[in-house]
Amino acid sequence: MNMQYSIVGSGPVGRTLAGLFARTGIDVQVANSRGPESLAAITAELGQHVIPATLEQALEADVIFLAVGFMRVQSVAIKLPDWAGKIVVDVTNALQPAEAQETKLRGLLSSEINADFLSGAKLVKAFNHLPVQRLGTNPPISGQRQAVFVSSNDADASTTIAALAARLGFAPIELGRLNQGGAALHVLSGSQGGLLFQNLVKLD
């Protein structure tokens with residue numbers, strides 16, 4: 001089955017993700033809160049594989065990348081009453097000031113909060129650990145690929161996104177469940193997990 005992909009958010013993170021799809025020749029829809037017309041410059045720059053869409057169209061995809069701010073996830077989640085059957089790739093980081101962050105997180109990981117908003121979705125944490133200006137920018141050296149860490153409470157969804165990461169040119173490393181290996185991809189109690197902002201490569 002050919003899966004449909006979309007990116008919600010067209011800021012630096014969304015645009016960078018769209019570029020990864022474009023360079024690999026994989027179609028991806030991109031949507032934001034301002035409508036498809038606002039995406040003309042991005043799609044003109046990145047080419048035919050990046051398709052402007054309404055938010056409603058983007059949410060019909062099988063795999064949806066959430067490239068919005070952590071505090072905006074709930075406003076996206078309410079646009080779809082039932083997320084069953086969707087794989088949602090959580091690219092967000094809870095980097096707002098510590099007081100607001102702790103009020104929102106209540107001692108949980110940010111992806112655990114987001115999973116509650118996205119009722120029925122299979123949530124995968126991935127592509128969030130690198131600064132956006134470094135994501136996908138390592139030079140293609142033979143035998144080396146930039147590492148992307150993948151974590152989910154759903155093993156099949158984790159495997160699906162790991163396979164996509166490999167298609168996009170990365171070396172996926174699966175970390176297991178969100179509150180286990182995946183905890184290294186989160187900010188919690190004002191401290192960042194050990195894998196955040198680490199630009200690593202894997203030797204093939």
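Begin by selecting N128 and N93, whose side chains are joined by a polar contact of 2.9 Å; as you look at this pair, bear in mind that the model is a predicted one.

Keep N128 selected and show the backbone around it, and you will find that N128 sits in the loop between β6 (122-126) and β7 (144-152). Is N128 buried or exposed? With a relative accessible area of 2%, N128 falls under the 20% cut-off and therefore counts as buried. If you now display what surrounds it, leaving aside the neighbours within four places in sequence, N128 is in contact with D90, V91, T92, N93, L185 and L196.

From here, move to F65, which, again without counting neighbours within four places in sequence, is in contact with S6, I7, V8, L17, F21, V89, V91, F127 and L164. V91 is worth keeping on screen for a moment, since it is listed among the contacts of N128 and also among those of F65.

Next, select I7, L17, F21, F65, F127 and I161 together, for these are the residues that touch the most other members of the largest nonpolar core, a set of 33 residues. Which helix supplies the largest share of this core? Colouring helix α1 (residues 12-24) will show you the source, as this helix contributes 5 residues to the core. A second core, separate from this one, has 18 residues, and you can locate it by selecting L66, V68, A77 and V88, which are included in it.

Leave V68 highlighted and add G9, V13, A67 and G69, because these five residues lie nearest the centre of the largest pocket, which is lined by 33 residues. The volume of this pocket is about 550 Å³. Both α1 and α4 (73-77) supply at least two residues each to its lining, and α1 gives the most, with 3 residues. If you colour the lining by residue class, you should find 18 nonpolar, 12 polar and 3 charged residues.

Finally, zoom out to the whole protein chain, in which there are 7 helices and 11 strands. Of its 204 residues, 47% count as buried, N128 being one of the buried residues you have already visited. Among the contacts in the chain with a separation of 6 or more, 68% are made by residues 24 or more positions apart, and with the full chain in view you may wish to return to the side chains of N128 and N93, where the tour began with a polar contact of 2.9 Å.

Technical notes. Residues numbered from 1 in each chain as written. Predicted model: local features only at pLDDT ≥ 70, side-chain atom pairs only at ≥ 80, totals over all residues. Heavy atoms only, no water. Helix = DSSP H or I, 4+ residues; strand = E, 2+ residues; numbered from the N terminus. Buried < 20%, exposed > 50% of the residue type's maximum accessible area, 1.4 Å probe, protein only. Polar contact = N/O pair within 3.5 Å; in protein donor to acceptor, adjacent residues only side chain to side chain. Contact = heavy atoms within 4.5 Å. Core = buried A, V, L, I, M, F, W, Y, C linked by side-chain atoms within 4.5 Å. 1 Å grid on protein atoms, 1.4 Å probe; cavity = no way out; pocket = protein on both sides within 12 Å on 5 of 7 lines; lining within 4 Å. Points joined across faces, edges and corners; volume = space filled by probe spheres on them. Nonpolar A, V, L, I, M, F, W, Y, C, P; charged D, E, K, R; others polar.
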